[in-house]
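Here is a short briefing on one protein chain. Please keep the sequence and the 3D view open while reading.

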Amino acid sequence: MQTHSSRISGFHNLPMADRLAKLVDISGLTPDAAEHLANTGNLEAAIADSMIENAIGTMNIPLGVATNMIVDGRDVLIPMATEESSVVAAVCNAARQCRDSGGFVTSMSGSLMIAQIQLTQVPDPEFARLRILEQKAQIQQVCDDTDPVLLKHGGGFRDLEVRVLNEARGGAMVVTHLIVDTRDAMGANAVNSMAEAVAPLIAQWTGGRPYLRILSNLADRRLARARATWTLDAIGGEAVRDGIISAYEFAHIDPYRAATHNKGIMNGVSAVVLASGNDTRAVEAGAHAYAARSGQYRSLTHFEVDRDGNLVGTIEMPLAVGLVGGATKSHPTAQVVLDILGVDSADQLARVFAAVGLAQNFSALKALATTGIQKGHMALHAKNIAVMAGAVGAEIEAVARELIARGKVRVDIAEECLQQMRA
Ligand code: MEV
């Protein structure tokens, strides 16, 4: 194993090309590897360099488009950035099977974000709580002065909440929530700035000591909802429906299953969140925290049988995403993705994302409850395996086809096929 010091003084001050040269030098990368990293594809080096610290290149992930989706009566094409082979196909399949029953119907609870201000060392927390609540008008003023642009777009401070939380080591902390309408922005910067502006005032009114001033990713006032109906004809009958319901019940009652179930949902959601240049980790943290809100981690979706015997599915999850700011604006691919989605508000964007999550989950549960996940997954994965075995160009498709025909999608078999083909 190569060893070298990770201490590279002034690395961040170097132009990106020099930074890469230095990295190549220190880690002993081959000229091919250096050339590979120097190719930033369709994300200009200057943009990549402006987005993060110490950028040395870009990392391409396939961008696919899921077809068949109808959301609120509108046909929508869904660009998805993912490295997992079966994710796009899953959305296409689920959407095809509910097209005849109208596709996905969505709604949103609002575009409210929460910023938290943690106040400690308050001897009289309940008294302090009321003192803070009394200052709502002034807090509103400070918040709105902090972000006049948001105000101009119809957003801004909406409400105030103050909670007294008991600390494990005794004592209490007083936690103030600023509830802010961030409109088409995800809003992290806006609400963080507001929390920082309000904190000194809270300290002054209460004599407490403020520490953290940051948004909550449990954006439970920004819930996106989607529902869809799958008829028995579309899904292949009662046994399939009942299998899906039973799979859902499993996730509802067992956190071990719920984690995997929700991971599948996030396969879809994160792929489209990433493609749109939004913050995948913020959405993921919110989703999982929301899934655990009852005290037990559960499914983000629900599946039931309606009075006509159809399978009906719903999803509800926090979806703090924006159309303005961050990578949504600076990343050229994200801009194209937003054009393909054809949405004109963050609200619409979040609703489409929720529909994608439900679609993904339907397909996963259907596969799991019937043939099992591996058949479809491995068929889609066969090309990956072919590449791993060294196939190039037309060989990739040929090897993948052979693997599927043999029913053995394995690297060793792919190598064998490749050798035979080349011979
Ligand atoms: C794999 O990435 C996702 C699934 O495991 C989801 C699920 O089990 O519901 C198939």
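A residue counts as buried under 20% relative accessible area, as exposed over 50%, and as partly exposed in between. By that rule Asp-72 is partly exposed, because its relative accessibility is 37%. The model is predicted. The points below run from the whole chain to its empty spaces and then to single residues.

**Whole chain**

- The protein chain has 423 residues, and 45% of them count as buried.
- Its secondary structure comprises 18 helices and 10 strands.
- Along the principal axes, the C-alpha atoms fill a box of roughly 80 × 70 × 45 Å.
- Take the contacts with a separation of 6 or more: residues 24 or more positions apart account for 70% of them.
- The accessible surface comes to about 20,800 Å². Carbon and sulfur atoms hold 52% of that surface.
- Side-chain charges number 37 positive and 45 negative. The centres of the two sets lie 2 Å apart.

**Pocket**

- The largest pocket has a volume of about 1,400 Å³.
- Its lining counts 47 residues. Closest to the pocket centre are Gly-277, Asn-278, Gly-326, Ala-327 and Thr-328.
- Which elements give two or more residues to this lining? They are H3, helix H7 (148-152), helix H8 (188-206), helix H11 (255-275), helix H12 (280-291), helix H13 (326-330), helix H14 (332-341) and H15.

**Cavity**

- A probe the size of a water molecule, rolled over the atoms, shows where empty space is left.
- The structure holds 1 cavity of 30 Å³ or more. The volume of the largest cavity is about 30 Å³.
- Its lining is made of Met-108, Gly-110, Ser-111, Arg-183, Arg-222, Leu-319, Val-321, Ala-346, Asp-347 and Ala-350.
- Helix H15 (residues 346-369) gives the most to this lining, with 3 residues. H15 also gives two or more residues to the lining of the largest pocket.

**Positive phi**

- Most residues other than glycine have a negative phi. Two residues with a positive value follow.
- Asn-54 has a phi near 55°. Its place is the loop between helix H3 (45-51) and strand S1 (63-71).
- Is Asn-54 buried, partly exposed or exposed? Asn-54 is partly exposed, because its relative accessibility is 32%, and the buried class needs a value under 20%.
- Asp-72 has a phi near 50°. This residue sits in the loop between S1 and strand S2 (74-81).

**Helix H4**

- Helix H4 covers residues 87-97 and is mostly covered, with 8 of its 11 residues buried.
- The buried residues in H4 are Val-87, Val-88, Ala-90, Val-91, Cys-92, Ala-94, Ala-95 and Gln-97.
- In an α-helix there are 3.6 residues a turn, so residues three or four places apart point the same way.

**Thr-120**

- Thr-120 belongs to strand S4 (residues 112-120).
- Its relative accessible area is 8%, so Thr-120 is buried.
- Beyond its neighbours within four places in sequence, Thr-120 is in contact with Met-173, Gly-208, Arg-209 and Tyr-211.

**Ala-251**

- Ala-251 lies in helix H10 (residues 238-253).
- Why does Ala-251 count as buried? Its relative accessible area is 0%, and the class takes values under 20%.
- Not counting residues up to four places away in sequence, Ala-251 touches Arg-257, Ala-258, His-261, Arg-298 and Ser-299.
- The C-alpha atoms of Ala-251 and Ile-396 are separated by 37 Å. Along the chain, these two residues are 145 residues apart.

**Ala-386**

- Ala-386 is part of helix H16 (residues 373-388).
- Ala-386 counts as buried, because its relative accessibility is 0%.
- Which residues does Ala-386 contact, leaving aside its neighbours within four places in sequence? They are Ala-391, Ile-396, Val-399, Ala-400 and Ala-414.
- The C-alpha atoms of Ala-386 and Ala-247 are 32 Å apart, with their positions 139 residues apart along the chain as the separation.
- Ile-396 thus links two points: it contacts Ala-386, and its C-alpha atom is 37 Å from that of Ala-251.

How values were computed: Residues are numbered from 1 along each chain as its sequence is written. Side-chain values use heavy atoms; hydrogens and water are left out. Helices (H or I, at least four residues) and strands (E, at least two) are DSSP runs, numbered from the N terminus. Buried means under 20% relative accessible area, exposed over 50%, partly exposed in between (1.4 Å probe, protein chains only). Contact means heavy atoms within 4.5 Å. Accessible areas come from the Shrake-Rupley method with a 1.4 Å probe; for residues, only the protein chains shown count as cover. Lys and Arg count as positive and Asp and Glu as negative; His and the chain ends are not counted. The place of a charge is taken as NZ of Lys, CZ of Arg, CG of Asp or CD of Glu. On a 1 Å grid over the protein atoms alone, a cavity is a set of points where a 1.4 Å probe fits but cannot get out, and a pocket is an open set with protein on both sides within 12 Å along at least five of seven lines; lining residues have an atom within 4 Å of a point. Grid points are joined across faces, edges and corners, and a volume is the space filled by probe spheres set on the points.
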